[in-house]
Structure formats: structure tokens, C-alpha cells
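Dear colleague,

Please find below the sequence and structure that I am handing over to you. My findings follow directly after them.

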Amino acid sequence: MKRGILIGIAGASGSGKTLVANTIIERLGSDKVVLIQEDSYYKDLSDIPLDARAGRNFDHPDAFDHDLLAEHLTKLLQGKTVAHPIYDYKTHSRLKETRTVGPHTIVILEGILVLNEPKLRNLMDIRVFIDTALDICFIRRLQRDIEERGRSVESVITQYENTVRPMYFQFIEPSKRYADIIIPRGGKNLVAIDILTTKIRSLLLQQEKINLEA
Ligand SMILES: Nc1ncnc2c1ncn2[C@@H]1O[C@H](COP(=O)(O)OP(=O)(O)O)[C@@H](O)[C@H]1O
Ligand SMILES: Nc1ccn([C@@H]2O[C@H](COP(=O)(O)O)[C@@H](O)[C@H]2O)c(=O)n1
């Protein structure tokens, strides 16, 4: 039986998905809410040489283990515990250790391709797309990837031209059609974040009541 609610948040890399998700979680202020990131489910590339890994296409659906992600989401929504993988962007691989994630009433899933993938989309109760201009996304990504993901200016630009931008137009932007809510400008659209937080709070109370009565 389904005991949880799944909110999916998609959008370009750097559009503000993580910021929107974390702002909602902070505002809800409840330990019944957990964030799951599609990025944690990138396939592990530790079996290929380190210098060959960086050239891979990380923006194509095949780069992700969506079967494992769908399995973990299904378990979390049924009130079960999962061994959530931990991804390292610097080595393009999964760490040996995992994070134990227990049941939560609200699961927020964020990632570039979560609306593109039917097996994820079909599990969602609310589908959100963050619609931020691509040039703004690129500037944010450039800063973040250099500061947090160990990248150089040249590598971010090359990756953007070769894979990030083309895959956005092939897979991410078309998935906007599946959204229930489209949030323009992303992370600091506080009106949209407030509306979504209010809706999620009401779903949380409703689902908690159902779970108590079950
Ligand atoms: N509206 C905004 N204004 C300023 N900075 C933002 C805004 N939205 C996101 N950022 C910053 O841009 C970077 C990328 O945002 P993030 O939420 O990680 O994007 P995504 O998860 O979609 O890749 C982060 O450093 C974040 O703090
Ligand atoms: N080893 C990797 C794995 C992923 N990426 C890039 O991350 C982007 C998705 O993450 P966001 O937080 O930005 O949504 C995606 O566009 C991949 O290109 C990477 O560079 N290296």
C-alpha cells in the first residue's frame, strides 16, 4: 500500500532544482520529508580509466540507473528503508558506502530527467518543471562546477557544447509537457515556492491521517 507522496522536480542543470527543493523542505520544517536526487543514481564508471570518464555523456537517460531509482522510490513510498547510493562528481563514480534512508511521508525527487522517464513520472503525485533561461543556467553551472565539482572553465564549456545543451533540447525541454506546474526563473521565485509548499503541507497532513487510520 502507498504510504507516501512523491513530488518530482525537473529542469535544466543549474535551473535551481536543488535550491527549490531545499527551500520547500526548509519551509515545511518536518522530518517526514526527504530529498532524493536523481544524480545519486548515475551509473558507476569506476571500471573505465579516470581520464576517459569525463568525456562521457552525463545528460543522456542511459547515464542513469533509473531502474534502481524507481525501485528505491517505490520502496520508500511503501514505507520501506533503502540503501541510497552516494555519487562522487570528481571521480564520476559511486562511493562504496551508502546512506540508509528510512520511510518518509513526502519524498521530493529532483533531477534533469525525472519527467522524461515514464517509470519515474508515473510514480509522481505532483510534477514540477523549473523553467530558467539557459544562459542563466550555464552561468550558475560554470560557477558551481568550478567551486564544488572540481572542474575547469574549459571542461565546463566543452561539456556544455558537446552534451549538456544538445541533451537539454532533445530530452529535458520536451519533458516540460508532463509538468503540472511550471516555475519560471527557478530558485528565488518565492511566490511559486510558497504555493507549492502550501499544497505539499496539505498533502502531508492528509497522508499522515490516512497512514494513522490504516
Ligand atoms: N534564483 C537564483 N538566484 C541566484 N542563484 C541561484 C538561483 N537559483 C539557483 N542558484 C544557484 O545556482 C547554482 C545552481 O543551482 P541548483 O539549485 O544547484 O541547480 P540545479 O539543481 O537545477 O542544477 C547554485 O549555486 C544555486 O545556489
Ligand atoms: N560525473 C558527472 C555526472 C553529472 N554531471 C552533470 O551533472 C548535471 C546534473 O546535475 P545538476 O545538479 O546540475 O542538475 C548534468 O547536466 C551532467 O552533465 C557531470 O558533469 N559529471
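Glycine 29, which comes just after helix 1, adopts a positive phi of about 50 degrees. Please bear in mind that this is a predicted model.

Helix 1 itself comprises twelve residues, 17-28. At 1.5 Å a residue these should span 16 Å, and the end C-alpha atoms are 17 Å apart, which agrees. Its buried residues are Lys17, Val20, Ala21 and Ile24. Viewed down the helix axis, these buried residues fall within an arc of 95 degrees, so they line one face of helix 1. The elements that cover them include strand 1 (5-11), strand 2 (33-37), strand 5 (106-110), strand 6 (126-131), strand 7 (181-184) and helix 7 (190-213).

Two residues other than glycine also have a positive phi. For histidine 92, phi is near 55 degrees; for arginine 185, phi is about 75 degrees. Histidine 92 is found in the loop between strand 3 (82-88) and strand 4 (93-101), whereas arginine 185 belongs to the loop that joins strand 7 and helix 7. Are these two residues buried or exposed? Histidine 92 has 20 other C-beta atoms within 10 Å, and 20 or more count as buried, so histidine 92 is buried. Arginine 185 has 14 other C-beta atoms within 10 Å and is therefore partly exposed.

Histidine 92 also belongs to the surroundings of ligand 2. The other residues around ligand 2 are Ser13, Gly14, Lys17, Asp39, Tyr42, Phe58, Asp59, Tyr89, Ile112 and Val164. By character, this shell divides into five nonpolar, three polar and three charged residues. Lys17 thus appears both in the shell around ligand 2 and among the buried residues of helix 1.

An unreviewed UniProt entry lists Gly11, Ala12, Ser13, Gly14, Ser15, Gly16, Lys17 and Thr18 under "binding site". Ser13, Gly14 and Lys17 of that record are among the residues that surround ligand 2 in the model.

Two of the listed positions may be described further. Glycine 11 lies in strand 1 and counts as buried, with 29 C-beta neighbours inside 10 Å. Apart from residues up to four places away in sequence, glycine 11 touches Lys17, Phe129, Ile130, Asp131 and Thr132. Alanine 12 sits in the loop between strand 1 and helix 1 and is likewise buried, with 27 C-beta neighbours inside 10 Å. Beyond its neighbours within four places in sequence, alanine 12 is in contact with Ile112, Thr132, Leu134, Cys137, Tyr168 and Ile172.

With kind regards

Technical notes:
Residues are numbered from 1 along each chain as its sequence is written. Chains are lettered from A and ligands numbered from 1 in the order in which they are written. This is a predicted model: local features need pLDDT of at least 70, side-chain atom pairs count only at pLDDT 80 or more; totals for chains, interfaces and linings use all residues. A residue is near a molecule or strand if its C-beta atom, placed from the backbone, lies within 6 Å of it. Ala, Val, Leu, Ile, Met, Phe, Trp, Tyr, Cys and Pro count as nonpolar, Asp, Glu, Lys and Arg as charged, and the others, Gly among them, as polar. Helices (H or I, at least four residues) and strands (E, at least two) are DSSP runs, numbered from the N terminus. The expected span of a helix is 1.5 Å times one less than its number of residues. A residue is buried if 20 or more other C-beta atoms lie within 10 Å of its own, exposed if 12 or fewer, and partly exposed in between; C-beta atoms are placed from the backbone. The arc is that of the directions from the helix axis to the C-beta atoms. Two residues are in contact if their C-beta atoms, placed from the backbone, lie within 7 Å. UniProt positions are given in the numbering used here, feature names are shortened, and annotations may be inferred rather than shown by experiment.
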